[in-house]
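Good morning, colleagues. I would like to take a few minutes to present a structure that is new to most of this group. Please look at the sequence and the structure first.

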Amino acid sequence: MGVDKAGRKSSRFNFIRRSTPRTTDDSTTQELEASVDGIEDDSTPVSGGAQGEETRDLKDEPSMEDAPDTQDEANMQDEKNAQDETNAQDGTNTQDETPRQDPLSTVTKLPEDESLRQNSLSIVTESPEMQSMSLSSDTPAQELTITVQDADRADSPVEDPEVTLKNLQETFQNIIDDKLANIPIRLIDTHSGILYTSNDLEGIFKESQEYQRLQENLLTTSLSKLQRKVDEFFRYAMLSHKWASAKDEPQYWQIKGSVYEMDAPREIRKLQQFCTTSKREGFRWAWSDTCCIDKTNNAELQESIISMFSWYKESAITIVYLADVSDISQLKDSQWFKRGWTLQELLAPRFIRFYKQDWQPLIDSGKNHKVELLTILHDITRIDIEVLKAFQPGVDNVKKRLSWVGARTTKKIEDIAYCLMGIFGIHMPVMYGEKHNAFVRLQKEIMALTDDLSLFDWLGESSTLHSYFAAHPRCFMTPSYDARQDSTSSKFEFRLLKTSKRITSGLSSSALKLVKDVLSNPPHGRFIANGRMSMPFFVHEVATLIPNQKPGIFSYLVKAEGLSELEVITTQQLVPLYGKNLAIKYRIVRMWEASLIQRQGSTGAEAPDALTDNPDSPELPTTENSPKQDKDKEKEKDKDKEKDKDKGKSKGKDKDKEKDKEKDKEKETDKEKEKEMDKEKESWVGRSKELVTDFVADIVTHSTAAALIRRMQEPFVAQLLCSPGDKQPWRRVGTTTRIIAHASSGSVNFRGLENVIVH
């Protein structure tokens, strides 16, 4: 608020002053205008609109509505006396000499301040009675009014109050709609025990006193407060539990009235206790998967299964009922940790309370039990503590995420896949009756979103629908393999030569060409069409596959090109391959991964000692575009710049023009390149190229080729493929142990990549 010359506080309101003929001298006019200017310069912009009420909170000064009436009258009287004294000194009395003017009189506006005008609470006209006093900041807003005609004549940008109110009502309704779209389809009223739909909840909210108060004060209520009030009303509790038999759990069709008045089925008491506990915790609404889903409605069932993870995540509290736990020492043995659906019910909620079989809290703490029992939950589930604290859905660490549910069970085969959709953030149709195909579909969806090869790092039976996908999440429960930690990985039978030049010179021209082809044009990824998957492999043809006589297992000794002999233990009996038996074919394959390509200029910290610097070894050859050449070029450019500075101004100007032309040419060239890149990105091939761009050098050098060859000599995780004959699709053979392949002694023969069709 400003202060005028008389020391009075100026009004925070923007108002229009109607000019009238005066006989006062210029000093009086200047003094009044200065007072008004003070008001304009020092007033604070206030949002709110046409009703003249502030919407932001004032912490350090009282609101106008709270100002006492007596203080208002005193301030107005002081201002009137001061104005009378000023008029008396000038020998004029505008109140006596000036006749009342017609409303069409000339309008004098205050200096324009667009932000103040837009946010002004009201427009005030100065009547002859008000000309003798200045508006005080303590004047109640209700006393400041203006006719619509005056506002129009003043060309004021003030919005129509009806339009403002209508916009706020629409915004309020949008907040309600957004909230209803993110809560469960049905909720139980813990006060009455009645089951309501989300549409019913909207009607209940609009009949509440809270809604009426918000509607009456829309113009003075901030959007954040509206959102907070809506969130508070629709807060709900979720039940997590191990189901009893379906006939004992209360179903949707059995709920006719209040759940508190029901005495059947047998598990109705669990539902009643859950509602009572939720009410005691301060939550009006509650959800249970037993009775809040109409399982006869396929559309509703599908929506509920897909949305269930987000419902648990958005819940105010998740109440976990442990029917088989009477003491915390029994927690690790609870069946709750062995069910598939309860995994997301542990990871998704932010706030969890555990209750024992007698419906008493598991621990004597009113805080978040998920945080209080974090270490115990980690020990039971083997899920990282950081993941338990703040879990996020995604397709990273695929093998680890799938392993979390490996030891869990579900009553329906399909649910082992459906309960993982929220864990990976994947949505796919729910089709009960598809049996094991559900888990295959889940793996296909994951493969489409990630290049994580751990999706294929599984042991056990392959799916009957597609041989390269696992049949069950338990296949992923084996630890991940790291070739660098293998006991033989640091003791290669084959010693690489000392320099990259001599390594690559040891290859045939055709093998070196294969290396460069892989580096310059790496594979674009994997895809499935017509039930067949195209996958890039390094292929080692199997020469012999002979049974290894071991009781109780299917063990075979396999000899493949370029590899040492290895043992393979399979889940099924295989047809032996030896001699001239060409009726069946086998392959040992290595999956392509972008990490095989070493970034150009890398220090090669993981390289074996064979490639370390040695005084006796010749210097590594300097190849085109090598880091050393780049540094030399930069030094030459710096020297040229210093010489250019010593030359004449005329030459400098010419060079500047030439540089500008060169820059323009470079810009045009860059634009053309960007257009070409955009065209490539439109195809799935272009998108897959982006995934390995950082790993591929523009020009393949001897050092990058040597790095790839070195990596190919390390032990690797392999798969065994089988084909019943020529032109027959390849299938992956399930194994009970991981196949770790080693390069054969003295072998440096490089095999190119081959896209293999796997069924």
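**A helix contact and its aromatic neighbours**

In this predicted model, I begin where two helices touch: from α6, the residues Phe172, Gln173, Ile176, Asp177 and Leu180 meet Ser198, Leu201, Glu202, Phe205 and Lys206 of α7. By character, five residues of this contact are nonpolar, two are polar and three are charged.

How is such a packing described? For two packed helices, one gives the angle between their axes and the distance between the axes. Here, helix α6 covers residues 161-181 and helix α7 covers residues 198-206; their axes come within 10 Å and cross at roughly 140°. The crossing of α6 and α7 is right-handed.

Let me turn to the aromatic rings. The structure contains 21 aromatic pairs. Phe233 and Phe234 form an edge-to-face pair, because their ring centres are 5.0 Å apart and their planes stand at 80°, an angle over the 60 degrees required. Phe233 and Phe234 are both buried. Tyr355 and Trp359, by contrast, make a tilted pair, with 6.0 Å from centre to centre and 40° between the planes. Tyr355 and Trp359 are both buried as well.

Which residues do ring pairs link into a cluster? They are Phe172, Tyr196, Phe205, Tyr211, Phe233, Phe234 and Trp285. Two of these, Phe172 in α6 and Phe205 in α7, also belong to the helix contact with which I began.

Finally, I note two charges placed over rings. The charged end of Lys412 lies over the ring of Tyr432, 4.4 Å from its centre. That of Arg732 lies over the ring of Trp458, 3.9 Å from its centre.

How values were computed: Residues numbered from 1 in each chain as written. Predicted model: local features only at pLDDT ≥ 70, side-chain atom pairs only at ≥ 80, totals over all residues. Heavy atoms only, no water. Axes fitted to C-alpha atoms, helices over the stretch in contact; angles between N-to-C directions. Helix = DSSP H or I, 4+ residues; strand = E, 2+ residues; numbered from the N terminus. Left-handed = near helix turned anticlockwise from the far one by under 90°. Contact = heavy atoms within 4.5 Å. Nonpolar A, V, L, I, M, F, W, Y, C, P; charged D, E, K, R; others polar. Phe/Tyr/Trp six-rings, centres within 6.5 Å; stacked < 30°, edge-to-face > 60°. Buried < 20%, exposed > 50% of the residue type's maximum accessible area, 1.4 Å probe, protein only. Lys NZ or Arg CZ within 6 Å of the ring centre and 35° of its normal.
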